[in-house]
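Here are some notes to read alongside the structure. Please keep the model open as you go through the points, and look up each residue as it is named.

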Amino acid sequence: QVQLVESGGGLVQAGGSLRLSCAASRRPVSWYAMGWFRQAPGKEREFVSAISGSDGVTDYADSVKGRFTIARDNAKNTVYLQMTGLKPEDTAVYYCAAYRAGAQSELGSRSSKMYAYWGQGTQVTVSS
């Protein structure tokens, strides 16, 4: 099974940028539909973005559309989340997740219940 490790979180001022990385091991990340989720204190985990396995089709939550960009580098077995224009309400633990796709063109789901594999999370804190 695939293992996922996130990195790149940190403390940033409002308007700043961060790039999160999700490094996969044991299996090719191209086999999996991938997603990013986040969970703020006292709130449920919510969908942020997803990407397909092969052709790079993407999806974004309305709250991050135009500010965040998801990308994958199958050669490096890594998925990225570039975050710009960060706001205090983006503060959360960010999780990378994966599930074995039926086809490599399958876009990752917005439902966290679809995802079988999760990273440990990385904290993003945006100060005002």
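1. Before the details, please keep in mind that this is a predicted model. A good place to begin is a single bridge in a sheet: Phe68 has Met83, in strand 8, as its bridge partner. Phe68 belongs to strand 7, which covers residues 68–73, and strand 7 pairs with strand 8 (residues 78–83) in the antiparallel sense over six bridges.

2. The same two strands form a hairpin, with four residues between them. In the turn sits Asn77, and its phi is positive, at about 55°. Strand 7 also has two faces that can be told apart: Phe68, Ile70 and Arg72 make up the covered face, whereas Thr69, Ala71 and Asp73 make up the uncovered one.

3. Which strands make up the open sheet, and in what order? There are four of them, in the order 1-3-8-7, and the pairing is antiparallel. Strand 1 (3–7) and strand 7 stand at the edges, where each has a single partner strand, so one side of each is left without a neighbour in the sheet. From one strand to the next, the twist averages 15°.

4. At the other edge of this sheet, strand 1 pairs with strand 3 (residues 18–25) over five bridges, again in the antiparallel sense. One of the residues to look up here is Gln3, whose bridge partner in strand 3 is Ser25. As background, strands of a sheet pair through backbone hydrogen bonds, and the pairing is either parallel or antiparallel.

5. The structure holds one disulfide, which joins Cys22 to Cys96 with an S to S distance of 2.0 Å. The pair links distant parts of the chain, since Cys22 lies in strand 3 and Cys96 in strand 9 (residues 92–100), 74 residues apart. The angle about the S-S bond is -75°, and the link of Cys22 and Cys96 is left-handed. Are the two cysteines buried or exposed? Cys22 counts as buried because its relative accessibility is 1%, and Cys96 counts as buried because its value is 0%.

6. The aromatic residues deserve a careful look, for the count comes to seven aromatic pairs. In one of them, the rings of Phe37 and Tyr115 have centres 5.1 Å apart and planes at 75°, so this pair is edge-to-face. Phe37 is in strand 4 (residues 32–39), while Tyr115 is in the loop between strand 9 and strand 10 (117–118), 78 residues apart. Phe37 counts as buried at 1% relative accessibility, and Tyr115 counts as buried at 5%.

7. Phe37 also pairs with Trp118: the ring centres are 5.2 Å apart and the planes stand at 55°, so this pair is tilted. Here too distant parts of the chain are linked, with Phe37 in strand 4 and Trp118 in strand 10, 81 residues apart. Trp118 counts as partly exposed, because its relative accessibility is 28%. Phe37, Phe47, Tyr95, Tyr99, Tyr115 and Trp118 form one aromatic cluster.

8. Finally, please look at Thr122, which is found in strand 11 (residues 122–127). Thr122 counts as buried because its relative accessibility is 11%, which is under the cut-off of 20%. Beyond residues up to four places away in sequence, Thr122 touches several others, among them Glu6, Gly9, Leu20 and Tyr94. A polar atom of the Thr122 side chain lies 3.2 Å from the backbone nitrogen of Gly9.

Definitions and conventions:
Residues are numbered from 1 along each chain as its sequence is written. This is a predicted model: local features need pLDDT of at least 70, side-chain atom pairs count only at pLDDT 80 or more; totals for chains, interfaces and linings use all residues. Side-chain values use heavy atoms; hydrogens and water are left out. Buried means under 20% relative accessible area, exposed over 50%, partly exposed in between (1.4 Å probe, protein chains only). A polar contact is a pair of N or O atoms within 3.5 Å; within protein, one must be able to donate a hydrogen and the other to accept it, and residues adjacent in sequence count only if both atoms are side-chain atoms. Contact means heavy atoms within 4.5 Å. Two strands pair if DSSP finds at least two bridges between them. Axes are lines fitted to C-alpha atoms, for helices over the stretch in contact, and angles run from 0 to 180 degrees between N-to-C directions. A disulfide is a pair of cysteine sulfur atoms within 2.5 Å. Rings of Phe, Tyr and Trp (its six-membered ring) pair if their centres lie within 6.5 Å; planes under 30 degrees apart count as stacked, over 60 as edge-to-face and the rest as tilted.
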